[in-house]
Amino acid sequence: MDSILIPLLILIAVIAGVLLLIRSFTKRSAESKADIAAANAPKDPVELARESAAKLNQEQHRQLYSLIAQGQGMAAIKLYLQATGEGLRASRNAVGALAAHPQPFTPEAPAKDLLADDDDEPERFPYRYRAIVSKGDVTREVSSNMLNDEIYGRIRTLAKSGDVEGAALALTRHSDINIKQAREFIELLED
């Protein structure tokens, strides 16, 4: 009987040790999964758009919104990924947030949004920008030296997000057309 007792005690000690190791491992695994879930938790899209826009320089910002306005989402994600060095998923989320919640370029201190600036006249550029939309046999054109890719991109983004009135007001502010003509133009952009 004594010869069986010692191996039995060793076996019980080994089993207890293995169970403790398994318990310790599963506890760490659960903690790391909780940490990963917290890190991957979706951020507020507006806050994500602000943070994402702050990571871009002025030229990258302009190019990104130009691609978004042209409906080239994959190219916009690639540009953001190259500009920031973030991962593919983070870049996709950032571009989606920027498209849904357009952000003005802010160098260091917050600057006024070009579309919402009511006190000053819009900047005039040394060239005329032409924006053309059509649906079926209906075509509308806006030509202005107060428009550029970035501003037009923001107007398109507003229209596609459902803010037709805001997009029409921004278009009238940055061109010489009236509100009725701007609404007709924006209606063609929505599709």
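**Exercise 1. Determine how helices H6 and H8 are oriented relative to each other, and identify the residues that join them.**

*Solution.* Helices H6 and H8 are roughly perpendicular to each other in this predicted model, and the steps below give the reason. The axes of H6 (residues 149-160) and H8 (residues 179-189) cross at roughly 70 degrees and come within 9 Å. Angles of 65 to 115 degrees count as roughly perpendicular, so the crossing of H6 and H8 belongs to that class.

The next step concerns the residues in contact. Helix H6 contributes Tyr 152, Ile 155, Arg 156, Ala 159 and Lys 160, while H8 contributes Phe 185, Ile 186 and Leu 189. Sorted by class, this contact has six nonpolar residues, two charged residues and no polar ones.

**Exercise 2. Describe the largest nonpolar core and the elements that supply it.**

*Solution.* The largest nonpolar core holds 20 residues. Those touching the most other members are Leu 147, Tyr 152, Ile 155, Leu 171, Phe 185, Ile 186 and Leu 189. At least two residues of this core come from each of strand E1 (129-135), H6, helix H7 (164-173) and H8. In soluble globular proteins, nonpolar side chains tend to be buried together.

Ile 186 may be taken as an example. Leaving aside residues up to four places away in sequence, Ile 186 touches Ile 155, Ala 159, Val 164, Ala 167, Ala 168 and Leu 171. A second core, separate from this one, has 16 residues, including Ala 53, Leu 56, Ala 94 and Ala 97.

**Exercise 3. List the buried residues of H7 and state what they pack against; then classify Arg 154 as buried or exposed.**

*Solution.* In H7, the buried residues are Ala 167, Ala 168, Ala 170, Leu 171 and Arg 173. Their packing partners are strand E2 (138-144), H6 and H8.

Arg 154 lies in helix H6. Buried means under 20% relative accessible area; Arg 154 has 2% relative accessibility and therefore counts as buried. From C-alpha to C-alpha, Arg 154 and Ala 167 are 8.2 Å apart in space, with their positions 13 residues apart in sequence.

**Exercise 4. Analyse the packing of H3 against H5, and then the setting of Thr 106.**

*Solution.* Helix H3 (residues 58-69) packs with helix H5 (residues 88-100) at an angle of about 75 degrees, their axes being 11 Å apart. This angle makes H3 roughly perpendicular to H5. On the H3 side, Leu 64, Tyr 65 and Ile 68 meet Val 95, Leu 98 and Ala 99 of H5. The contact of H3 with H5 has six nonpolar residues, with no polar and no charged ones.

Thr 106 is placed in the loop between H5 and E1. Its relative accessible area is 29%, so Thr 106 is partly exposed. Thr 106 and Leu 56 are 50 residues apart in sequence, yet their C-alpha atoms are 9.3 Å apart in space.

**Exercise 5. Place these parts within the whole chain, and examine residues 6-25.**

*Solution.* The chain has eight helices and two strands, and the order from the N terminus is α-α-α-α-α-β-β-α-α-α. Of its 191 residues, 31% are buried. Among contacts with a separation of 6 or more, 55% join residues 24 or more positions apart.

For residues 6-25, an unreviewed UniProt entry lists "transmembrane region". In the model, this span is 100% helix and 0% strand, and its end C-alpha atoms lie 29 Å apart.

Key
Residues are numbered from 1 along each chain as its sequence is written. This is a predicted model: local features need pLDDT of at least 70, side-chain atom pairs count only at pLDDT 80 or more; totals for chains, interfaces and linings use all residues. Side-chain values use heavy atoms; hydrogens and water are left out. Axes are lines fitted to C-alpha atoms, for helices over the stretch in contact, and angles run from 0 to 180 degrees between N-to-C directions. Helices (H or I, at least four residues) and strands (E, at least two) are DSSP runs, numbered from the N terminus. Angles under 35 degrees count as roughly parallel, over 145 as roughly antiparallel, 65 to 115 as roughly perpendicular and the rest as oblique. Contact means heavy atoms within 4.5 Å. Ala, Val, Leu, Ile, Met, Phe, Trp, Tyr, Cys and Pro count as nonpolar, Asp, Glu, Lys and Arg as charged, and the others, Gly among them, as polar. A nonpolar core is a set of buried Ala, Val, Leu, Ile, Met, Phe, Trp, Tyr and Cys residues joined through side-chain atoms within 4.5 Å. Buried means under 20% relative accessible area, exposed over 50%, partly exposed in between (1.4 Å probe, protein chains only). UniProt positions are given in the numbering used here, feature names are shortened, and annotations may be inferred rather than shown by experiment.
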